[in-house]
Amino acid sequence: MKRSIFYSILVLVTFSALDNVGIDLSILLGAAGIFTVALGFASQTSASNLISGLFLMIERPFSITDVIKVNDITGEVISIDLLSVKLRTFDNLFVRIPNESMIKSAVTTLTKYPIRRADLKLGIAYKEDIEKVRKILLDIAAKNLICLEEPAPVFILTGFGSSSIDIQFSVWARRENFLALKNSMYTDIKNAFDQQGIEIPFPHVSLYAGTATKPFPLTNALDVGDKADKMGKSEQ
């Protein structure tokens with residue numbers, strides 16, 4: 001309060017002195033008005049970030065050392081400040097996200113709970129026995145030491161794709177074993193399908209040069225070799 005009174009008196013004295021020496025105060029007042037407006041626009045974003053930072057600190061959706069995902073950015077929280085949140089991504093990049101963006105975006109905290117679910121996307125050929133595939137997948141999960149028994153694995157038929165029957169097989173692991181579980185499960189599934197003769201189909205694409213052009217002729221390399229051998233023998 002005392003400082004406000006002091007600075008008010010100081011301003012009045014200054015203007016009075018300038019008026020006495022013949023300086024036109026209207027020019028100074030106009031410049032001061034323009035400067036105030038410019039300062040207001042410039043500080044608008046900072047004020048928004050500041051208020052958003054207060055909301056983040058009160059709500060506390062995540063803490064330092066948590067791993068969060070904001071839009072397409074995933075990283076570990078290393079600082080929560082009044083104006084921004086700082087992340088370190090897994091490829092060791094420093095990312096600063098303004099608090100206003102944090103408030104407006106969907107933020108996912110990946111380390112909030114002790115266990116996580118891995119959704120494995122698979123495709124099998126239409127000729128395969130779905131029940132046999134289901135048993136193979138459940139057997140793989142039961143033998144995987146990282147996979148948790150509870151919650152139990154879930155087998156879901158997600159639909160009929162353009163070249164495969166699409167399946168989602170969901171398994172659970174402790175948070176720190178999440179990536180190891182996904183890698184080991186995909187490896188075990190590929191090996192088991194190969195051993196059991198389960199086909200994993202993939203799309204086939206034909207290329208055409210124009211609408212009236214016939215498809216490119218395809219030749220089996222083995223047939224070409226056989227023809228070459230026969231021609232060689234006939235010449236002998």
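**Close-up views of a predicted model**

**View 1. A salt bridge within helix H4 of this predicted model joins Arg134 and Glu131**. The closest N and O atoms of Arg134 and Glu131 are 2.9 Å apart, a salt bridge being a side-chain nitrogen of Lys or Arg within 4 Å of a carboxyl oxygen of Asp or Glu. The two residues stand three apart in helix H4, so about one helical turn separates Arg134 from Glu131; helices (H or I, at least four residues) and strands (E, at least two) are DSSP runs, numbered from the N terminus. Arg134 is partly exposed at a relative accessible area of 30%, and Glu131 is likewise partly exposed, at 36%, where buried means under 20% relative accessible area, exposed over 50%, and partly exposed in between (1.4 Å probe, protein chains only). Residues are numbered from 1 along each chain as its sequence is written, and side-chain values use heavy atoms, with hydrogens and water left out. Because this is a predicted model, local features need pLDDT of at least 70 and side-chain atom pairs count only at pLDDT 80 or more, whereas totals for chains, interfaces and linings use all residues.

**View 2. Lys127 and Glu199 form a salt bridge between two loops**. The closest N and O atoms of this pair are 3.7 Å apart. Lys127 lies in the loop between strand E6 (115-124) and helix H4 (130-143), and Glu199 in the loop between helix H5 (178-196) and helix H6 (221-235), so the contact ties together parts that are 72 residues apart in sequence. Lys127 is exposed, with a relative accessible area of 61%, while Glu199 is partly exposed at 37%.

**View 3. Arg117 and Asp119 meet through their side chains in a salt bridge**. The N to O distance of the pair is 2.8 Å. Both partners are classed as partly exposed, Arg117 with a relative accessible area of 40% and Asp119 with 27%. By the distance rule, the count for the structure comes to ten salt bridges.

**View 4. The largest pocket is lined by residues that include Arg116 and Phe178**. About 240 Å³ of space lies in this pocket, a volume being the space filled by probe spheres set on grid points that are joined across faces, edges and corners. On a 1 Å grid over the protein atoms alone, a pocket is an open set of points with protein on both sides within 12 Å along at least five of seven lines, where a 1.4 Å probe that fits but cannot get out would mark a cavity instead, and lining residues have an atom within 4 Å of a point. The lining consists of Val67, Phe90, Leu110, Thr111, Arg116, Arg175, Glu176, Phe178 and Leu179. These residues divide into five nonpolar, one polar and three charged, with Ala, Val, Leu, Ile, Met, Phe, Trp, Tyr, Cys and Pro counted as nonpolar, Asp, Glu, Lys and Arg as charged, and the others, Gly among them, as polar. The charged end of Arg116 sits over the ring of Phe178, 3.8 Å from its centre; a charge sits over a ring if NZ of Lys or CZ of Arg is within 6 Å of the ring centre and within 35 degrees of the ring normal.

**View 5. Ser170 is placed in strand E8 (residues 165-174)**. Ser170 is buried, with a relative accessible area of 1%. From C-alpha to C-alpha, Ser170 and Ile156 are 8.2 Å apart in space, although 14 residues separate them in sequence. Of the 236 residues of the protein chain, 23% count as buried.

**View 6. Backbone features of three loops involve Pro151, Thr65 and Asn92**. The peptide bond from Glu150 to Pro151 is cis, with omega near 0°, and Pro151 has its place in the loop between H4 and strand E7 (154-160). Thr65, which is not a glycine, has a positive phi of about 85°; Thr65 lies in the loop between helix H2 (25-59) and strand E1 (67-70) and is exposed, with a relative accessible area of 53%. Asn92 also has a positive phi, of about 65°, although it is not a glycine; Asn92 is found in the loop between strand E3 (84-89) and strand E4 (94-98) and counts as exposed at 60% relative accessibility.
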